[in-house]
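Please open the model in your viewer and set it to a cartoon representation. The stops below are given in the order in which they should be selected.

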Amino acid sequence: MKQEQQPASEEVTEVAPGVLRLQLPIELPGLRHVNTYLLEDDRGVALVDPGLPGEESWTALGARLDAAGVPLRRVHTVFVTHSHPDHFGAAGLLAETSGARIVASETFKTWFDAFDVQGDAVDDELDDTDPNLPWNLRAPWGSPLDDTVPQHRRAVMDRFRQALAWFRPPHPSLRLADEDPIVLAGREWFALFTPGHTEDHLCLWDPTEGVLLSGDHVLPTITPHISGLVEGDPLARYVESLDRVAALPDVTVVLPAHGHPLTDLPGRVEAIKAHHEDRLEVLGRLSDAEGWASVPTLARRLFAERNWGPMAESETYAHLEHLRRRGRADRRETAGLLEYRVR
Ligand SMILES: [Zn+2]
């Protein structure tokens, strides 16, 4: 079993000076826990990536804080590395219950931003033609971004309303730009803008102790999903972001959002880059066999059936665009869908 698939441990462990690791349960493809890091200072604690929305994760978070001897009201900061639910889940509720500030990237954006939520109520008098509504968004390759069609809006809104019993949408009160400093655990850290997995991913680097909080940018044994929604050439931007963290001086420990701490950052970065080179080769061979083909078609060839869907399409698109921008693929549009042919 890969590290990232191990169930959440109930133990609270010190993983770097002044940094404790708590694990919260999640059930996502290939992932069964998220690491929430707790950074203590004189004023209280900062939490990094406080798990999924919902009662189970909220209860587990309370139990881990108890085990660490930290009352909820001591949480003064919630740092969210990026806009995925296993990372921002409890942020809004922590802000509401403990008065914590939420800190994230200046480009941080979630599905919930299009909705007007007050406490546990959501205004669903929506203008269905609003292009910002999640079910109206289309991916750059032409497919709908959300599988939910407007006809199911009632059901989606009902689920949303139920979710608000244990969840608040996160609204950062401090948004960091690349290299902005922030004091946590009594020392200075720097936000590193690291797009690729998402457009709004931040790592936190502590040059004093040589710690890198890597979020989902670098994981120990699985390769982070590349998002086709990242502007420009998503894969190139991801690889640039990888090279950037690999070149940081004197990193002694990397603390990822899933799996165990790792120490050989340049080695892990090389392995992730090699994985993507392999995938580009495979995609080239599949494209040869298919001829002109849409992103969904190629995604179904590239990924196992259990992984089919918007995420597979998104990563396939990222690889195809990378090949095209390197002059190794052609693109055309047919009936609103992009099609590619690798040369
Ligand atoms: Zn994650």
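The tour visits two helices and one hairpin.

This is a predicted model, in which local features need pLDDT of at least 70 and side-chain atom pairs count only at pLDDT 80 or more, while totals for chains, interfaces and linings use all residues. Residues are numbered from 1 along each chain as its sequence is written. Helices (H or I, at least four residues) and strands (E, at least two) are DSSP runs, numbered from the N terminus.

**Helix 1.** Select residues 55-67, which form helix 1. Colour Ser57, Trp58, Ala60, Leu61, Arg64 and Leu65, which are buried (20 or more other C-beta atoms within 10 Å of the residue's own, with C-beta atoms placed from the backbone; exposed means 12 or fewer, and partly exposed in between). Seen down the helix axis, these buried residues fall within an arc of 165° (taken from the directions from the axis to the C-beta atoms), so they line one face of helix 1. The face turned away from the buried side carries the exposed residues Glu55 and Asp66. Just after helix 1, Gly69 takes a positive phi of about 75°.

**The hairpin.** Next, select strand 10 (181-184) and strand 11 (187-193), an antiparallel pair joined over four bridges (pairing requires at least two bridges found by DSSP). Pro181 has Phe190 of strand 11 as its bridge partner. Two residues lie between the strands, and Ala185 in this hairpin has a positive phi near 55°.

**Helix 8.** Finally, select residues 310-325. Of the 16 residues of helix 8, 12 are buried, so the helix is largely enclosed by the rest of the structure. Among the buried residues are Glu313, Tyr317, His319 and His322. Gly327 follows helix 8, with a positive phi near 75°.

How values were computed
Expected span 1.5 Å × (residues − 1).
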